[in-house]
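Student: I should like to understand the terms used for this structure. Please explain each one as it arises.

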Amino acid sequence: MNCASFRSSILAYTEQDFHSYSVRDFEFHSHECAACAHLLSEFRLTQEIIGKDKSIEPNPFADTRMIQRLENLRERESVWIYLFSLPRFRPLYLSFGLVLAMLLGVFLGLEEGVLPAVNSHNNTDIDLIRTELNVPDMMGDDAILFANE
Amino acid sequence: MTDKELISGIINRDHTTIQYLVSTYHKKVIKTAYYFLHDMNDAEDLAQDVCIEILESAAHFKGNSSLNTWIYRIAVNKSLNFIRKNKRKQLFSQLESIFRKTDETTSLENIEPAIVDTQVDDAERRMILEKTISSLPENQRTAFILSKYDDMAYKEIAEIMNVSLASVEQLLHRAKMNLQKKLVVHFSEYSIKNKNHELRKFQK
């Protein structure tokens with residue numbers, strides 16, 4: 001076994017995923033080559049870290065803190081649910097909703113009503129100028145008269 | 001308590017069920033998040049978010065998978081999202097530091113090893129391992145962490161990752177090969193650096 005094949009099979013060896021004849025070759029090379037033996041020991045120590053990390057324990061109060069947070073959330077939710085589900089407040093919510101809908105209607109109506117008002121104002125101005133200058137109204141009855149002629 | 005009972009208890013915000021949920025899954029989720037994030041505080045915050053998400057979306061749980069799988073799926077997705085966000089933050093802070101032209105001219109490559117010993121110490125070994133695992137593609141990293149750290153069966157990993165059993169085997173094989181390649185390079189480079197450092201010290 002050479003260094004390249006040794007390095008490509010370190011993990012298989014450390015995980016004992018190897019044929020017995022390969023193990024012999026592998027171990028023979030690690031006795032011969034100091035650099036590869038060093039690499040193998042590094043791999044073993046690195047795998048030990050994974051083992052240590054597996055046994056790591058979170059903060060013992062983490063669960064208590066979590067339960068507390070979820071309880072707070074539950075209480076906050078339940079306050080809103082309680083308020084909305086109270087029968088005596090239902091007419092209030094209903095009337096509030098109706099007022100809101102009315103306000104929205106009025107607002108939309110105002111928005112639409114602005115344009116015609118401006119236009120009519122402009123039209124009266126135009127009519128005034130037309131009568132002053134004696135210009136016939138082509139859009140009204142005069143237009144029909146002219147068409148008949 | 002069965003999954004159905006647990007889910008209906010969560011939906012009804014039953015105090016005992018919530019306590020059972022936290023005592024059964026919270027620490028497991030913290031540990032899984034820790035294996036992804038390598039920081040206990042971040043892992044605890046993330047586990048809290050996972051529990052809240054479980055509470056909020058329990059009504060949408062269809063029961064296609066087990067509750068355990070569903071919870072782990074949420075934890076894994078949240079961990080991966082956290083890492084993605086962190087990477088973006090790091091990128092922005094790096095860009096900021098470049099534009100600010102701070103005095104920090106040192107880069108990781110220029111740092112001399114603190115120890116002269118050719119053996120890497122535990123903290124550095126851990127750092128190398130974490131860095132190498134983080135450099136793996138997301139799906140390989142997930143399969144590796146769930147298998148090696150969480151000791152999950154391939155079937156369970158397949159359910160969590162929503163892939164086939166064969167895919168999990170393939171992902172794990174690739175992850176191990178990549179990890180081996182990268183660790184060999186890291187440890188070889190490290191011992192060369194240390195030897196050079198020793199040599200320079202000897203020459204001085």
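Tutor: Let us begin just after α6(B), where B:D151 takes a positive phi of about 55°. This is a predicted model, in which local features need pLDDT of at least 70, side-chain atom pairs count only at pLDDT 80 or more, and totals for chains, interfaces and linings use all residues. Residues are numbered from 1 along each chain as its sequence is written, while chains are lettered from A and ligands numbered from 1 in the order in which they are written.

Student: What makes the span of helix α6 of chain B close to the expected one?

Tutor: The expected span is 1.5 Å times one less than the number of residues. Helix α6 (residues 138–149) of chain B has 12 residues, for which 16 Å is expected, and its first and last C-alpha atoms are 16 Å apart.

Student: Which residues in α6(B) are called buried?

Tutor: They are B:Q140, B:R141, B:T142, B:A143, B:F144, B:I145, B:L146 and B:K148. A residue is buried if 20 or more other C-beta atoms, placed from the backbone, lie within 10 Å of its own (12 or fewer make it exposed, and in between it is partly exposed). Of the 204 residues in chain B, 29% are buried.

Student: How many helices and strands does chain B have?

Tutor: Chain B has eight helices and zero strands. Here helices are DSSP runs of H or I with at least four residues, strands are runs of E with at least two, and both are numbered from the N terminus.

Student: Why are α3(B) and α4(B) called oblique to each other?

Tutor: Helix α3 (residues 40–57) of chain B and helix α4 (residues 67–100) of chain B pack at about 130°, their axes 10 Å apart. Angles under 35 degrees count as roughly parallel, over 145 as roughly antiparallel, 65 to 115 as roughly perpendicular and the rest as oblique. The two helices, α3(B) and α4(B), are therefore oblique.

Student: Which residues meet there, in α3(B) and α4(B)?

Tutor: Among them are B:L46 and B:V50 in α3(B), and B:I71 and B:F82 in α4(B). Residues are in contact if their C-beta atoms, placed from the backbone, lie within 7 Å.

Student: How many residues of chain A are in contact with chain B?

Tutor: In chain A, 25 residues are in contact with 31 residues of chain B. The largest share of the side of chain A that touches chain B, 10 residues, comes from α4(A).

Methods: Two residues are in contact if their C-beta atoms, placed from the backbone, lie within 7 Å. Axes are lines fitted to C-alpha atoms, for helices over the stretch in contact, and angles run from 0 to 180 degrees between N-to-C directions.
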